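Me: Could you take me through one part of this protein at close range? I would like to look at the open sheet and what packs on it.

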Amino acid sequence: EDPLCEAEQQPKLIVISNRVAAVDSKQPKTGGLAAALEPIVARLGAVWLGSSGEVSDDDAATVQLVPCGEGHVSRLDLPSAHYPGFYRGFANSTLWPAFHSLPDRISGSPQHYDSYREINDFMARAAFNLRDRDAFWVHDYHFLPLADRLHRVGIDRPIGFFLHTPWPAPDTIERVPNHRELMKSMLEYDLLGFQTNRDVNNFLAGLRSHLGLESKDGIVISERGRTRCQKFPIGIDPNQFAEYAAESLANQEEYISSVQKKLGGAKLAIGVDRLDYSKGIENRIKAFNQVFAAEPRSISLLQIAIPSRSEIEEYREYKRNVDSLVSQVNAEHGTDEWSPILYENDAFTQAQLAGLYRAARVCVVTPLQDGMNLVAKEYVAAQDPNDPGVLVLSKFAGAAEDFNDDEALLVDPNRPDEITAAISRAANMPCEERIQRWRPMKDKLEAYTVHDWAADFVRELDKSRITAPADHFRH
Ligand code: F6P
């Protein structure tokens with residue numbers, strides 16, 4: 001049964017995020033958010049507003065709709081005066097490192113915060129053109145204060161927000177300039193969705209520490225009204241991935257056999273990440289270096305590392321560091337018959353990835369912190385039920401709240417020695433144990449898909465149309 005039900009029964013939604021679906025939907029997707037939302041918008045008949053990635057001097061916020069399945073997308077050119085301060089600045093140099101609990105990487109200036117507010121105002125003006133829709137669903141850290149701006153332009157529909165990244169502990173959020181103002185503005189949302197219990201608890205603890213606000217059963221009452229804070233762990237479409245995997249092995253025989261040639265009989269491990277310092281790629285490569293030293297030619301790593309946010313110097317530096325680490329390791333261990341690390345800097349389509357996941361005995365997902373990490377879920381979905389591979393998973397990825405230690409091999413991503421031991425255990429694991437660990441993960445993916453996730457969120461948001469009394473807060 002389709003959890004998204006009949007389109008007529010659903011509230012007509014506006015979805016807002018910075019990144020939207022690519023113009024050509026067959027293009028490779030380089031981030032979890034756009035890949036997850038595209039089928040949702042397409043099936044719900046929603047209107048999706050976001051950035052085109054281009055800038056303009058015209059700040060008129062005109063909306064032009066392009067079809068996307070049953071729905072529409074509007075890719076807006078954001079105002080040139082504020083886009084860099086918003087995207088490169090406050091969103092990705094201040095909030096991103098803070099939300100990934102890497103406070104030493106936080107940088108920024110007061111002008112970045114001004115630009116962040118300006119772009120939120122711009123998006124609210126654009127959304128005002130669509131005020132007749134039933135509800136608004138805003139995504140990610142680029143738009144924390146958007147509900148406040150939407151209310152100011154006169155929109156009075158339910159507004160929900162989902163954070164794709166982690167939310168950090170109170171003493172880390174304190175390092176973000178204007179954190180009180182931002183958190184207060186988040187209480188303008190009717191519904192705040194997070195990936196994990198840890199994120200919900202961190203947010204509620206932050207409200208207590210920084211705004212002196214108490215919550216009960218995830219509900220916070222502010223001057224505006226009631227905000228429900230809840231976990232909605234994002235999923236994937238596992239059947240679609242399993243289909244891709246079966247088809248794609250056949251469709252890219254040539255590439256896969258070229259990979260196999262370089263393995264020289266070694267098993268294949270795979271890592272797929274945007275080149276982002278939160279992804280823990282350096283420690284992973286150090287861990288493989290140890291495996292190569294102890295068991296040469298037993299396993300190779302196919303590391304797909306997609307350049308990301310390269311307008312930010314820290315990201316360029318990270319790429320240089322990873323590139324040079326890969327070269328060092330290959331120079332130390334590689335032979336004519338065996339490439340220890342196959343390093344790809346291009347994005348692959350989901351269908352291509354599915355085939356590669358299925359060909360890999362091990363998948364290594366070792367972010368220092370991650371909202372959910374859909375690579376972990378996609379890898380599980382793509383496996384052959386009779387000969388599945390093993391997932392090595394960071395304890396600090398949201399996915400580790402879904403997959404436990406009897407299923408994935410959970411590791412501390414800060415400790416290359418732990419990753420080394422897990423890789424070698426995974427590579428040598430007997431088939432029976434692999435099946436035992438994989439089956440429950442696959443069942444969980446089927447029990448809560450990305451469509452269930454969206455349907456749950458929309459249902460909960462729709463409930464906030466009826467304003468409930470705040471009686472249980474009056475002690
Ligand atoms: O999941 C976090 C996120 O920022 C998403 O919004 C996006 O899909 C992905 O990372 C890629 O980042 P960017 O849109 O900056 O390329």
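Reply: Happy to, and here is a walk through the sheet, followed by the whole protein and the ligand.

Please keep in mind that this is a predicted model. The open sheet has 6 strands, and reading across it you meet β13, β12, β11, β14, β15 and β16 in that order, paired in parallel. At the edges sit β13 (341–344) and β16 (409–411), each of which pairs on one side only. On average, neighbouring strands of this sheet are turned by 20° against each other, direction ignored.

For a closer look, try the pair β11 (residues 267–274) and β12 (residues 299–306): the two run parallel and are joined by 8 bridges. If you want one bridge to find on screen, go to D273, whose partner in β12 is A305. Helix α9 (residues 253–263) packs on the sheet, where α9 touches β11, β12 and β13. The direction of α9 makes about 130° with that of β12.

Now step back to the setting. The protein has 16 helices and 16 strands, and 50% of its 475 residues are buried. Its radius of gyration is 22 Å, which agrees with the value near 23 Å for a compact globule of 475 residues.

Finally, the ligand. The residues around it include N18, R19, D140, H164, S308 and R309. Two elements, β1 (13–19) and α1 (32–44), give two or more residues to this shell, and α1 gives the most, with 3 residues. By class, the shell has 7 polar, 3 charged and 2 nonpolar residues.

Key
Residues are numbered from 1 along each chain as its sequence is written. This is a predicted model: local features need pLDDT of at least 70, side-chain atom pairs count only at pLDDT 80 or more; totals for chains, interfaces and linings use all residues. A residue is near a molecule or strand if its C-beta atom, placed from the backbone, lies within 6 Å of it. Helices (H or I, at least four residues) and strands (E, at least two) are DSSP runs, numbered from the N terminus. Ala, Val, Leu, Ile, Met, Phe, Trp, Tyr, Cys and Pro count as nonpolar, Asp, Glu, Lys and Arg as charged, and the others, Gly among them, as polar. The radius of gyration is taken over C-alpha atoms; the globule rule is 2.2 Å times the number of residues to the power 0.38. A residue is buried if 20 or more other C-beta atoms lie within 10 Å of its own, exposed if 12 or fewer, and partly exposed in between; C-beta atoms are placed from the backbone. Two strands pair if DSSP finds at least two bridges between them. Axes are lines fitted to C-alpha atoms, for helices over the stretch in contact, and angles run from 0 to 180 degrees between N-to-C directions. Two residues are in contact if their C-beta atoms, placed from the backbone, lie within 7 Å.
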